[in-house]
There are 2 protein chains.
Amino acid sequence: MRFENAISIEDPADPRLAPYASIRERDLVGRQGRFIVEGEVTLRLMLSPASRFRAGSILLAPERLPGFTDLIAALPEPPPVYCASKAVMGAVAGFPMHRGVLALGLSGEPPAPGSLIPPAPAPAVVLGLVGLTNHDNVGGLFRNAAAFGADAVLLDDATCDPLYRKAIRVSAGAALTMPFARTASPQALLGLAARHDLVRLAMTPGAEGDIADAALPSRSLVLLGSEGPGLPPQLMAECKKIRIGMAAGFDSLNVATAGAIALHHLLRRRRGV
Amino acid sequence: MRFENAISIEDPADPRLAPYASIRERDLVGRQGRFIVEGEVTLRLMLSPASRFRAGSILLAPERLPGFTDLIAALPEPPPVYCASKAVMGAVAGFPMHRGVLALGLSGEPPAPGSLIPPAPAPAVVLGLVGLTNHDNVGGLFRNAAAFGADAVLLDDATCDPLYRKAIRVSAGAALTMPFARTASPQALLGLAARHDLVRLAMTPGAEGDIADAALPSRSLVLLGSEGPGLPPQLMAECKKIRIGMAAGFDSLNVATAGAIALHHLLRRRRGV
């Protein structure tokens with residue numbers, strides 16, 4: 001793809017820019033299989049072979065175009081590339097576009113959750129997120145899942161969308177690369193674990209033995225609930241419980257941090273240490 | 001203290017409310033030894049024996065007062081308690097005060113950094129923050145320092161204020177309880193470590209051996225730098241390097257998360273596991 005293939009747009013009302021309109025409000029209601037990617041690092045990742053998603057279109061400030069042309073030209077099917085000034089981009093998006101880099105991602109057909117779990121008896125470490133409605137926490141958990149090499153992330157029906165703009169950013173792009181799928185309910189998550197021979201692990205201060213010393217299973221589903229209520233008791237009852245040892249009197253850890261500590265231990269073997 | 005000791009205020013311009021004026025703007029420039037605490041959980045913590053700071057005054061919506069009267073009455077020197085409607089509180093603070101709970105904290109005289117380090121040969125784990133300008137990260141590190149029982153947090157001159165409103169909130173109140181002090185420079189941090197027999201530890205992907213397997217010193221200063229640039233090379237050169245083992249191709253961890261993993265390992269011994 002050469003520079004002259006980009007399509008210049010000067011009218012914020014141009015229908016080709018409609019998917020980029022009022023980004024903040026529409027973030028909240030979902031986008032029918034489309035999502036917004038913002039910023040250079042994230043867009044580079046979406047255009048790389050590591051990405052699980054294709055770009056439906058790209059919208060760049062003219063001065064940002066040269067930095068992307070090689071990458072776009074290398075794609076098997078380059079998407080339309082629109083060029084608009086940052087002022088026009090801001091008018092469309094509804095807030096200032098300092099970075100001048102936007103793209104529309106296509107969610108595609110969601111994978112079947114079971115298809116993301118490595119078949120037994122191979123080792124497997126899968127995160128299971130239950131009722132996590134905070135985009136920072138979900139983004140942080142995707143980042144940690146990628147950092148330590150988890151196989152997949154499974155979400156229950158109440159967990160928020162990892163492809164929400166803020167979650168992608170906090171994930172350092174891992175939401176675009178880490179395999180994930182949604183299940184119908186927390187119970188469906190447990191059922192999947194049973195059918196795929198995954199030991200269900202839950203972190204709780206009440207468990208015996210620190211995770212650093214526990215014998216850890218080679219196949220596990222690590223269940224994480226929201227910080228206040230934690231996992232529902234009926235779910236907790238069906239899990240093997242492990243503890244992240246903490247100081248007396250302050251058993252409060254951010255859920256993404258708790259996930260990082262669990263993953264660091266569970267995936268040690270795989271890193272060969 | 002009885003309910004009738006609270007002072008009702010109806011005028012947003014009342015000079016006794018001046019310290020609560022335009023909270024957001026003034027957050028950015030500091031408050032001459034004073035800081036703002038917001039919300040019930042944080043205020044309860046500041047009024048508890050665990051707090052390192054006293055309240056200069058308390059400002060509550062009338063309906064929130066009964067929940068605090070016992071706690072305030074138990075203080076050796078109860079501060080003035082002002083009562084104002086949420087509308088008046090919002091007019092003073094400059095944004096809606098949904099929770100109706102504010103207080104003014106007094107920073108007091110800062111402790112000498114060396115006074116916070118347990119004397120040798122006792123075990124010691126101290127965090128050293130270098131150039132961390134993100135309040136979420138600093139708040140998160142305080143939370144993790146408290147969760148795992150670190151002895152203190154030392155900040156260089158460029159690290160942001162842990163008593164900034166958002167940092168306190170993200171720390172889950174740990175900024176009010178965890179001993180901390182500021183040094184004049186990163187070099188001063190290193191000098192302190194040398195004088196107090198602390199091994200300087202730095203996390204870097206290039207080090208040999210995972211922290212989970214490394215022989216860890218009983219006295220350490222764990223240095224953490226900002227996520228992009230990390231620790232300056234001249235600082236790194238003076239540290240013992242350890243690695244948090246990660247998956248190939250994604251050596252990116254949030255700095256507060258990296259700190260949590262380091263602290264979890266360094267403080268295992270002290271937890272008796």
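## Close-ups of a predicted two-chain model

**View 1. A:V101 and the residues packed around it.** Leaving out anything up to four places away in sequence, A:V101 touches A:V37, A:E38, A:G39, A:E40, A:L43, A:L59, A:L60, A:R64, A:F68 and A:M89. This is a predicted model, so the views here show computed geometry. A:V101 belongs to strand β5 of chain A, which covers residues 101-106. Is A:V101 buried or exposed? A:V101 counts as buried because its relative accessibility is 1%, and the cut-off for that label is under 20%. For a sense of scale, look across to A:G131: A:V101 and A:G131 are 30 residues apart along the chain, and their C-alpha atoms are separated by 32 Å.

**View 2. Strand β7 of chain A, covered on both faces.** In a regular strand, side chains alternate between the two faces of the sheet. Here β7(A), residues 152-155, has A:A152 and A:L154 on one side, with A:V153 and A:L155 on the other. These four residues are all buried, so to speak a strand with cover on both faces. Next door is strand β6 of chain A (residues 124-130), which runs parallel to β7(A) and is joined to it by four bridges. To find one of these pairings, start at A:V126 and go to its bridge partner in β7(A), A:A152.

**View 3. Strand β10 of chain B and its two parallel partners.** All the way along β10(B), residues 219-225, the cover holds up: seven of its seven residues are buried. B:R219, B:L221, B:L223 and B:G225 take one side, while B:S220, B:V222 and B:L224 take the other. Which strands pair with β10(B)? Strand β6 of chain B (residues 124-130) pairs with β10(B) in the parallel sense over seven bridges, and B:G128 has B:L223 as its bridge partner. Strand β9 of chain B (residues 199-203) also runs parallel to β10(B), with four bridges joining the two. On that pairing, B:R200 stands opposite B:L221.

**View 4. Helix α4 of chain B and the glycine after it.** Among the residues of α4(B), which spans 86-93, B:V88, B:M89, B:G90, B:V92 and B:A93 are buried. Just past the helix comes B:G94, with a positive phi near 95°.

**View 5. B:S185 in the loop ahead of helix α8.** B:S185 sits in the loop of chain B between β8 (180-182) and α8 (186-195). A polar atom of the B:S185 side chain lies 3.0 Å from the backbone nitrogen of B:A188. Setting aside neighbours within four places in sequence, B:S185 is in contact with B:D156 and B:D157.

**View 6. Where chain B meets chain A.** On the chain B side, 31 residues are in contact with 30 residues of chain A. The two chains bury about 2,400 Å² between them, and 58% of that is on carbon and sulfur atoms. How many salt bridges link chain B and chain A? The count is four. One to pick out pairs the side chains of B:R268 and A:D213, at 2.5 Å from N to O. Polar contacts between the chains come to twelve residue pairs, both residues at pLDDT 80 or more. Helices α5 (135-148) and α10 (255-266) of chain B each supply at least two residues of the side that touches chain A. That side of chain B divides into 15 nonpolar, nine polar and seven charged residues.

Technical notes. Residues are numbered from 1 along each chain as its sequence is written. Chains are lettered from A and ligands numbered from 1 in the order in which they are written. This is a predicted model: local features need pLDDT of at least 70, side-chain atom pairs count only at pLDDT 80 or more; totals for chains, interfaces and linings use all residues. Side-chain values use heavy atoms; hydrogens and water are left out. Contact means heavy atoms within 4.5 Å. Buried area is the accessible area (1.4 Å probe) that two parts lose on being put together, summed over both. A polar contact is a pair of N or O atoms within 3.5 Å; within protein, one must be able to donate a hydrogen and the other to accept it, and residues adjacent in sequence count only if both atoms are side-chain atoms. Ala, Val, Leu, Ile, Met, Phe, Trp, Tyr, Cys and Pro count as nonpolar, Asp, Glu, Lys and Arg as charged, and the others, Gly among them, as polar. Buried means under 20% relative accessible area, exposed over 50%, partly exposed in between (1.4 Å probe, protein chains only). Two strands pair if DSSP finds at least two bridges between them.
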